[in-house]
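Me: Please take a close look at the largest pocket of this structure. What is its volume, which residues are closest to its centre, and which elements give residues to its lining?

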Amino acid sequence: MPDDTIHESKRSRTRQGLATYLRRIARALGRGEPVPVDEAGTVTVDAAATGDVEVELERDDETVHLEVEMEWPDEEAAVDSDAAASKATFELYADSADQYRWRLRHDNGNIIADGGEGYADKRDARSGIESVQRNAPGAHVVDVSRDEEAPDEGGSDAVFELFRDKADKYRWRLRHGNGNVIADGGQGYASKQKAKQGLRSVKSNAPGAAVEEPGDPEGSEE
């Protein structure tokens, strides 16, 4: 049977970004869940319990290549090239002040995250969405009210911060390494556990969420 390339992609990643991607694969393998092949998780493979791993390190034309190849019998590995990557949608819209904003709405109708600010340029709002899609999945979670700090290793370029507001409600915000808050939950929770559930929903749904604009029935995917 000839080779059938189902998915192929190439992109530059930081060391942290690469670590985050590999952790997603390792986590899925460890839990026996379908392994995400692409960044958005729209292509997955449900790996067999046992497989072969080939690791190759070589130098070619001033470039070092580290290749890790995993193989399973075809009849024991289920491939899904149309996986449901997200149960949420980014809505990009203009507010009453003609500023562009975004919110992440779950399929159940709930808004699970928003950008917290308006942008004069739609492109800046889209960049904000892309930053959340890129950073949310691998971001560490810290409780700033307990002076917790994110580990130095791994993670992404942002951190989920849990905190208590003036009403003694638990909230979360996603703060980039440059100090900017790029997303927040927009509401308070009675317990820290509920706040964590909210940010976990963003972690899992943001990467593959489509981007739509009101009045555009087809939306636009990033």
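Reply: The following account deals with the largest pocket and then turns to two loop residues. The model is a predicted one.

The largest pocket has a computed volume of about 2200 Å³. Its lining is made up of 40 residues, and those closest to the centre of the pocket are His7, Tyr21, Val37, Val68 and Glu69. Two or more lining residues are contributed by each of the elements α1 (15-31), β1 (35-36), β2 (44-46), β3 and β4. Of these, β4 provides the largest share of the lining, with nine residues. In chemical character, the lining divides into 19 nonpolar residues, 14 charged residues and seven polar residues.

The strands β3 and β4 also frame a loop that merits attention. Glu62 lies in this loop, between β3 (52-60) and β4 (63-71). Although Glu62 is not a glycine, its phi is positive, at about 65°. Glu62 has a relative accessible area of 84%, and it therefore counts as exposed, since the cut-off for that class is over 50%.

A second residue may be set beside it. Asp168 is located in the loop between β10 (158-164) and β11 (170-176). Asp168 is likewise not a glycine, yet has a positive phi of about 65°. With a relative accessible area of 46%, Asp168 is classed as partly exposed, because this value falls between the limits of 20% and 50%.

Note on methods:
Residues are numbered from 1 along each chain as its sequence is written. This is a predicted model: local features need pLDDT of at least 70, side-chain atom pairs count only at pLDDT 80 or more; totals for chains, interfaces and linings use all residues. Side-chain values use heavy atoms; hydrogens and water are left out. Helices (H or I, at least four residues) and strands (E, at least two) are DSSP runs, numbered from the N terminus. Buried means under 20% relative accessible area, exposed over 50%, partly exposed in between (1.4 Å probe, protein chains only). On a 1 Å grid over the protein atoms alone, a cavity is a set of points where a 1.4 Å probe fits but cannot get out, and a pocket is an open set with protein on both sides within 12 Å along at least five of seven lines; lining residues have an atom within 4 Å of a point. Grid points are joined across faces, edges and corners, and a volume is the space filled by probe spheres set on the points. Ala, Val, Leu, Ile, Met, Phe, Trp, Tyr, Cys and Pro count as nonpolar, Asp, Glu, Lys and Arg as charged, and the others, Gly among them, as polar.
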